[in-house]
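Work through these exercises with the structure open. Try each task before reading its solution.

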Amino acid sequence: MKQKTKIAVIGVGHLGKHHVEHLSNIKNVTLAGVYDIDRARAEGISKTFKIDCFNSIQDLLKNVDAVSIVTPTKNHKDVAELCIKAGKHVFIEKPITETVEEADTLIGLSKEHNTIIQVGHIERLNPALLPLEGYELNPKFVEVQRLAPYMIRGSDIPVVLDLMIHDIDLILTLIPSPVKHIESTGVSIMTNSVDIANARITFENGATANLTSSRVAKDRVRKLKIFQEDLYITVDFLIGLTEIYRAMDADQNDPNAIMTAPLESNGKHRQIFYEKPKIAKTDALKMELINFVKSIKGEESPVVDGPAGRNALKIAIEIQNKILEDFKK
Ligand code: NAD
């Protein structure tokens, strides 16, 4: 019988509770317990899930192989450092840390102690994105919108580091080329921080990405559009809809073509084909945690590892700093 991986959750606030729920249902995992500086909260969760409530992180570390760190971002570095130095694998919620230097420290420690760092950029496992693995992507232009109604929770963090960082991580995966130039602009509406941000990132391979994130919107929107030669893809992360339009030379009577696009210059026609892949009904957080457990067992690699989390953070900070420079003018 395979040995179960013992995992505990540090920080059981809004999102940490969901980590506990999922980990309690994942095969080959023993949910060892929880720790939170809010003792009453940790005790409530430990009673509900009938798991241990540890008195300190040091106590917790004596009883586990791995941890999920779901504390506020400002504590990620200190908490993760303790865990990695104790030889534990860590799943760190996004953003990996507050600064790139902190992320580099954790990545260095994880190499030294031979432990895994996985970062919770959950959108990478959004079931609507997964069908794209079957396509040869070479995006020339990518447009992403992530809009959310205003909520107090999370509003202490600039929207770039709270929301846009998800899309930065996606863009860096979709366009595997060094970033050449960043332009960004932002507006404060409800808070003293940036509530709406737009960034235009150009890459050395000639591709461009345009990202807009807002936490002052009437409705939630999370859409990605990819444009490349002969291919247009739209992904709606919220409703789980992926649509693919391809232009191909094909017989004008091809029953699978949805329309014919005349090419007047040479008299030929191109056909447009439409595909709507079936989207699996999976929970992205659960998939991330399963990926973490399988990575610990050496069966998979983390979908978002420490360096990927660090690279997304680096670009997010550059975007945020450019916006702040404008604020000072
Ligand atoms: P939260 O404030 O609801 O919960 C944080 C919990 O951590 C609280 O219970 C708090 O008492 C506890 N805590 C604080 N310092 C601690 C410490 N040193 N040791 C142990 N516990 C400590 O916050 P949240 O919304 O759950 O966010 C937590 C993290 O998850 C943040 O990094 C946030 O950016 C990230 N997050 C990610 C997503 C996503 O889409 N992947 C969504 C929301 C939040």
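**Exercise 1: A salt bridge in a helix**

Lys314 pairs with Glu318 in a salt bridge, their closest N and O atoms lying 3.1 Å apart. The model is predicted. Locate the two residues and state whether Lys314 is buried or exposed, or in between.

Solution. Start with the helix: both Lys314 and Glu318 belong to H8 (residues 306-328). They are four residues apart, about one turn of the helix. Next, take the accessibility. Lys314 has 34% relative accessibility, so it counts as partly exposed. Glu318, at 31%, is partly exposed as well.

**Exercise 2: A second helical pair**

Find the salt bridge between Lys77 and Glu81 and decide whether Glu81 is buried or exposed.

Solution. The side chains meet at 2.7 Å, N to O. Both residues lie in helix H4 (residues 76-85), four residues apart. Now apply the cut-off: buried means under 20% relative accessible area. Glu81 has 16%, so it is buried. Lys77 has 19% and is therefore buried too.

**Exercise 3: A pair across strands**

Which strands hold Glu275 and Arg246?

Solution. First, the contact: their side chains form a salt bridge of 3.2 Å, N to O. Glu275 is in strand E15 (residues 269-275), and Arg246 is in strand E13 (residues 241-248). The pair is 29 residues apart and links distant parts of the chain.

**Exercise 4: The ligand**

Which side chain or backbone atoms lie by the ligand's nitrogen and oxygen atoms?

Solution. Take nitrogen first. The side chain of Asn75 has an N or O atom 2.8 Å from a ligand nitrogen. A polar side-chain atom of Glu93 is 2.9 Å from a ligand nitrogen. Then take oxygen: a backbone N or O atom of Lys94 lies 2.9 Å from a ligand oxygen.

Technical notes. Residues numbered from 1 in each chain as written. Predicted model: local features only at pLDDT ≥ 70, side-chain atom pairs only at ≥ 80, totals over all residues. Heavy atoms only, no water. Polar contact = N/O pair within 3.5 Å; in protein donor to acceptor, adjacent residues only side chain to side chain. Salt bridge = Lys/Arg side-chain N within 4 Å of Asp/Glu carboxyl O. Helix = DSSP H or I, 4+ residues; strand = E, 2+ residues; numbered from the N terminus. Buried < 20%, exposed > 50% of the residue type's maximum accessible area, 1.4 Å probe, protein only.
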